[in-house]
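User: I have a predicted model open and want to go through its sheet and its internal space. Shall we take them in turn?

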Amino acid sequence: MEYTQQRMVQEAAKHAETSTSLITPLNTVLLGLVVYVGYQLFKSSPPPTLPKQEPPTVFRTFTPQTLLENNGRDGKPILLGIRGRVFDVSRKPHFYGPGGPYENFAGRDATQGLAKGSFDKEMLTEDLTAPLYDPEALNAEEREALMGWEESFSGNYPVVGRLISQAEFDALKKE
C-alpha cells in the first residue's frame, strides 16, 4: 500500500508540474498568433505609388478650320466646340468618334445642334470662314438646353482651348 500511495503522490506531482508549465498547446497557439499580428503591424510596407497623371492640357486657340481635323480619324483627338470653348471628348470615342451617335459634332462647333436638340448636318456651319453661331439668336428654351449641355460637358471633359472665327483669328495675328 505504501507503494500505491507513493505512486499516487508521484503522479499528482507530475500533473501539478505540467499544469503550471507555460508550454501548453494553447499557449503555443496564442504565442504564435501574437507574433503574427505583431509582425503584420510592424512590418515595413512598400512605399506608396503615385497614380499616373494625365498629360498637361495645352490651351490653344482654334478656328473652325483648325478644329475640323480633330474628329477622331487617323489617330487624332476628338474635340468639339460649345459657345466658344473647345472640349476634348476623346475619352468617349463610341459617342463622338466615327460611327458614334454624335459624330457630326466631332471637330465642329456644336452650339446650334445641342441647343436645338438636333444632330443633323444642317445644324453645322458649312462655311468655315463665316462668323460662329451666335447663341443670342436662340430662344429661351434653346438657351436653357444649351446651358445644360455646357454644364454637362464642363463637368465631364477638359477644356483644351477656345474657338474663334477665322476673322477674329486673322485680327489676332495682325496684332
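User: How many bridges join strand 1 to strand 4?

Analyst: This is a predicted model. Strand 4 covers residues 159-163, and strand 1 runs parallel to strand 4. One of the pairings is Arg-60 with Gly-161 in strand 4. The number of bridges joining the two strands is 3.

User: Which strands stand at the edges of the sheet, and why is one side of each left without a neighbour?

Analyst: The sheet is open, with 4 strands and mixed pairing. Their order is 1-4-3-2. Each edge strand has a single partner strand, so one side of each has no neighbour in the sheet. The edge strands are strand 1 (60-62) and strand 2 (79-82).

User: What does the twist average from one strand to the next?

Analyst: The sheet is built in the order 1-4-3-2. Going from one strand to the next, the average twist is 35°.

User: Which helix packs on the sheet, touching strand 2 and strand 3?

Analyst: The strand 3 in question is 85-88. The helix direction makes about 50° with that of strand 3. The helix spans residues 140-156 and is helix 6.

User: What is the volume of the largest cavity?

Analyst: With a cut-off of 30 Å³ or more, the count is 1 cavity. Residues lining the largest cavity include Pro-64, Arg-108, Asp-109, Thr-125 and Leu-163. The volume of the largest cavity is about 90 Å³.

User: How many residues of that lining are nonpolar, polar and charged?

Analyst: Among the lining residues are Leu-67, Gly-107, Leu-124 and Pro-131. The lining divides into 8 nonpolar, 2 polar and 2 charged.

Conventions. Residues numbered from 1 in each chain as written. Predicted model: local features only at pLDDT ≥ 70, side-chain atom pairs only at ≥ 80, totals over all residues. Heavy atoms only, no water. 1 Å grid on protein atoms, 1.4 Å probe; cavity = no way out; pocket = protein on both sides within 12 Å on 5 of 7 lines; lining within 4 Å. Points joined across faces, edges and corners; volume = space filled by probe spheres on them. Nonpolar A, V, L, I, M, F, W, Y, C, P; charged D, E, K, R; others polar. Pairing = 2+ DSSP bridges. Axes fitted to C-alpha atoms, helices over the stretch in contact; angles between N-to-C directions. Contact = heavy atoms within 4.5 Å.
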